[in-house]
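Biologist: Before we discuss the terms used for this protein and its ligand, please show me the structure.

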Amino acid sequence: MSGHQPATVPGDHLDVVIVGGGPSGLLQLHHLREAGLSVRLYEQGEGVGGSWYWCRYPGCRFDSESYTYAYTFSEELLKEWDFRELYSARADTERYFNHVADEFGLRADIRLGAEVTSAVYDDAAATWSLGFADGSRATCSILVTAVGHLSAAYAPDIAGIEDFRGTWLHTGRWPADGVDLAGKRVGVIGTGASGVQLVTSIASEVGHLSVFQRTATYCVPLRNKAITAEYMDELRSRYDEIFETCSTTPTAFPYAAAYGPAMEYSAQERHEVYERLWQEPGYKKWLAGFSDTMKPGPANEDYAEFVRGKIRERLGSPELVEKLVPYDHPFGAKRIPCEDGYYEVFNQSNVDLVDVRANPITHLVAEGAVTADGVLHELDVLVFATGYDAFTGALTTLDFRGSGGLTLQEKFRDGPRSYLGVMSAGFPNWFNVTAPGNFVRGLEPLVEWVTRCIAHVLQGGHRSIEAEQGAEDAWIERINSANELRLQARADSYFTGANIPGKARGVLTSPDSVPDGVAMRNEVAADGYRGFRLG
Ligand code: NAP
């Protein structure tokens, strides 16, 4: 934190502290300020934007419709901000959040480069005490964590990393001044959404590219395009309708299934729908088709086979088909990367696809990575596109202690526990904000609910609010049994915690549709915050 204002000044006490300056934290800051509360946001990065600040790897781009990322709290903002592409490049999204921070004067209450290392609840005072990497401290009545569900970068432990003479880095911690990859021998471990974007973007620039793939994924064409001035005007004229649609669809995207169960249609009818939607951009291909495509069962397998056919068509050899066509998990059980030219990369002569399921990397040596078959893959740069300790990693790595000294690690040992997804019993006055569904669309109603709840507590003369254990237990039991039936339970991925050695397994996203989540929270609030204990 050198060179910054100190995170705090002695005796500093705030109504609310927000940790995290991404889309959630900024919105939460704005609303809490509007509610008249004293609030400060701490962000460990040197800029706002969260993932859009950190993930500076080449090719990083949004795969949800850019205009659905717009905050709607200000007519002025909606009027003045033009989205440039249907799916925004990272830097454009980062620019948007910087613009919001500037336009709404948020920076006055933001401290950048402020890394929170501990959060400890004081039962007697009903306050949180925060510790920072620079040794300073702050206290607050209410703590809101808005740390992002994909922010704790994960890289597997590979023996010999200290011997590697090249550069190694993670997609989620890409240096701000970039990395020169031109003509270099580059290795990329991981073929999730980050790896797919990176590989596609750098393949023609690097000297040689080794893509270390453990699991083939179903990648689908993004079909990005520029948003012209006329198109932007048209979108703007339909904003109300678009946002209204998003507030009614299960995943908060501007479209939903247009047809009933797939297998009630003939094979030809299904194929016609698949083909027509395949030409559409983004997620429409699978969300706007049949109602059960994204549920385990024959409809899902039918669509998976269609996608496999599309992948096969683009590959230049049976060996590539063998390696790149996925069979070991259902379509959508892992997140589906959207791409633009990914498969064609493997037809290039300077690109090798290394199957690290068959031959894992055993260790690194000075010259590169050695796989189990004894082959040395010579590298100048090794990129870990190996994902994140999702949902909980950014919290459980803090010294986080609730009532009576209960640690969050202990509380979350068998998986995260919450009531309504926002508060945990034993951790009074702590709200965790993680948006469900299409990000900003799912986020806005959540942040507004949290704002109303915090105002109700602090302006209603209460000292504390805490989820009741019984309400949390019932919530978790319902969530867990619903989650067992979901597609996401059918694969090893960050959705289930299976990507992190030793992490408890269980689907970590909500089984509720976004509108159902909104309705449940509103109903709880209308019922006097049922399931919460106010102190
Ligand atoms: P990810 O989806 O978790 O993918 C990680 C990749 O690394 C997987 O291919 C995984 O293989 C591989 N991997 C992990 N550990 C490995 C090991 N020890 N050896 C070999 N391979 C290993 O992570 P991500 O690609 O960073 O994406 C995370 C999420 O960020 C996305 O799903 C998405 O939600 C978000 N994101 C969004 C965008 C966008 O908007 N377009 C772009 C990038 C990221 P296995 O499959 O075998 O585990």
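Modeller: What follows is a discussion of the ligand site and of two helix pairs, in a model that is predicted.

Biologist: What makes the pair formed by the ligand and Ser194 a polar contact?

Modeller: An oxygen atom of the ligand lies 2.6 Å from an N or O atom in the Ser194 side chain. A polar contact requires a pair of N or O atoms within 3.5 Å, so the pair with Ser194 qualifies.

Biologist: How do you know that the backbone of Gly192 and that of Ala193 also take part?

Modeller: For Ala193, a polar backbone atom is 3.1 Å from an oxygen atom of the ligand. For Gly192, the corresponding value is 3.4 Å, again from a polar backbone atom to a ligand oxygen. Both values fall within the 3.5 Å cut-off. In total, the protein covers 86% of the 910 Å² of accessible area that the ligand has on its own.

Biologist: Which residues of the shell are closest to the ligand, and how does the shell divide by residue type?

Modeller: The shell holds 23 residues, and the closest are Arg61, Ser194, Thr215, Lys334 and Tyr494. By type, 10 are nonpolar, 8 polar and 5 charged. Helix 5 (residues 193–202) contributes the largest share, 3 residues.

Biologist: Why are helix 1 and helix 15 called oblique to each other?

Modeller: The axes of helix 1 (residues 23–34) and helix 15 (residues 439–459) cross at roughly 40° and come within 9 Å. Angles under 35 degrees count as roughly parallel, and 65 to 115 as roughly perpendicular. The angle fits neither range, and the two helices are therefore oblique. Their crossing is right-handed.

Biologist: What makes helix 8 oblique to helix 10?

Modeller: Helix 8 (residues 267–278) and helix 10 (residues 298–313) have axes that come within 11 Å and cross at roughly 55°. This angle likewise falls between the roughly parallel and roughly perpendicular ranges, so helix 8 is oblique to helix 10. This crossing, too, is right-handed.

Key: Residues numbered from 1 in each chain as written. Predicted model: local features only at pLDDT ≥ 70, side-chain atom pairs only at ≥ 80, totals over all residues. Heavy atoms only, no water. Near = heavy atom within 4 Å. Polar contact = N/O pair within 3.5 Å; in protein donor to acceptor, adjacent residues only side chain to side chain. Areas by Shrake-Rupley, 256 points an atom, 1.4 Å probe, with all protein chains shown as cover. Helix = DSSP H or I, 4+ residues; strand = E, 2+ residues; numbered from the N terminus. Nonpolar A, V, L, I, M, F, W, Y, C, P; charged D, E, K, R; others polar. Axes fitted to C-alpha atoms, helices over the stretch in contact; angles between N-to-C directions. Parallel < 35°, antiparallel > 145°, perpendicular 65-115°, else oblique. Left-handed = near helix turned anticlockwise from the far one by under 90°.
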